[in-house]
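Trainee: I'd like to go through the labels in this model and ask what lies behind each one. Could you set each value against its definition as we go?

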Amino acid sequence: MPLQCCDSIGTTKRCIGPAYSGEASRSGLRVRHLFDHDTFAGKFRKIVEDRFKRYGHFESDTEGEIEPYKHLAEQLRPFVIDSVAYVHDALAAQKKILTEGANALMLDIDFGTYPYVTPPRPRSVVLALVLGCL
């Protein structure tokens, strides 16, 4: 059941905006943080503290939430690469790159029809940015 959000504008009505706000505010976690557990744990604690300040105190076992990420990091490690370097290497080798464009430019938070946009950057825009087209 969708959560009750304040003044939503035709979104999913699941209040996912806060989940993506970390990217825009440069305060979120990245996959690379998983591989340095002390850094990950510190950033995770800071995010929880910030959420308490913003949304009021809610029940959270922060330390209990952090612990499973040690194991998860090791499971994910073989699947994580520097995707920008990977794409640039492929381009330098004149390989063909197939991308999908289901999420169009008009949904991009910077280039789209604001406020009817989505917080995560659409892949078509990411590709253009990575390739230096925007």
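Trainee: Why is Glu74 called partly exposed?

Mentor: Glu74 has a relative accessible area of 47%. Buried means under 20%, exposed means over 50%, and partly exposed is in between (1.4 Å probe, protein chains only), so Glu74 takes the middle label. Do keep in mind that this is a predicted model: local features need pLDDT of at least 70, side-chain atom pairs count only at pLDDT 80 or more, and totals for chains, interfaces and linings use all residues. Residues are numbered from 1 along each chain as its sequence is written, while side-chain values use heavy atoms, leaving out hydrogens and water.

Trainee: What makes Glu74 and Arg77 a salt bridge?

Mentor: The term asks for a side-chain nitrogen of Lys or Arg within 4 Å of a carboxyl oxygen of Asp or Glu. In this pair the closest N and O atoms are 3.2 Å apart, so the rule is met. Arg77, at 39% relative accessibility, is also partly exposed. In total, the rule gives 4 salt bridges.

Trainee: Which parts does the salt bridge of Arg45 and Glu63 tie together?

Mentor: Arg45 lies in helix H2 and Glu63 in helix H3 (residues 62-66), so the pair joins parts that are 18 residues apart in sequence. The N to O distance here is 2.7 Å. Another salt bridge, Asp50 with Lys46, has 3.0 Å from N to O; being 4 residues apart in helix H2, these two are separated by about one helical turn.

Trainee: How do you know that the length of H2 agrees with a helix?

Mentor: Helices are DSSP runs (H or I, at least four residues; strands are E, at least two), numbered from the N terminus. The expected span is 1.5 Å times one less than the number of residues. The 19 residues of H2 (residues 37-55) should span 27 Å, and the end C-alpha atoms are 26 Å apart, which agrees.

Trainee: Why are the buried residues of H2 said to line one face?

Mentor: Phe40, Ala41, Phe44, Ile47, Val48 and Arg51 are buried in H2. Seen down the axis of H2, they fall within an arc of 125°, so they line one face. That arc is taken from the directions from the helix axis to the C-beta atoms. Asp38 and Lys53 are exposed on the face turned away from the buried side.

Trainee: Why is the aromatic pair of Phe44 and Tyr69 called tilted?

Mentor: Rings of Phe, Tyr and Trp (its six-membered ring) pair if their centres lie within 6.5 Å; planes under 30 degrees apart are stacked, over 60 edge-to-face, and the rest tilted. Phe44 and Tyr69 have centres 6.2 Å apart and planes at 50°, so the pair is tilted. Phe44 sits in helix H2 and Tyr69 in helix H4 (residues 68-76), so parts 25 residues apart in sequence are tied together. By contrast, Phe52 and Phe58 are edge-to-face, with 4.7 Å between centres and 65° between planes.

Trainee: What is noteworthy about the phi of Gln94?

Mentor: Gln94 has a positive phi of about 55° although it is not a glycine. Most residues other than glycine have a negative phi. Gln94 is in the loop between H5 and helix H6 (123-130), and at 73% relative accessible area it is exposed.
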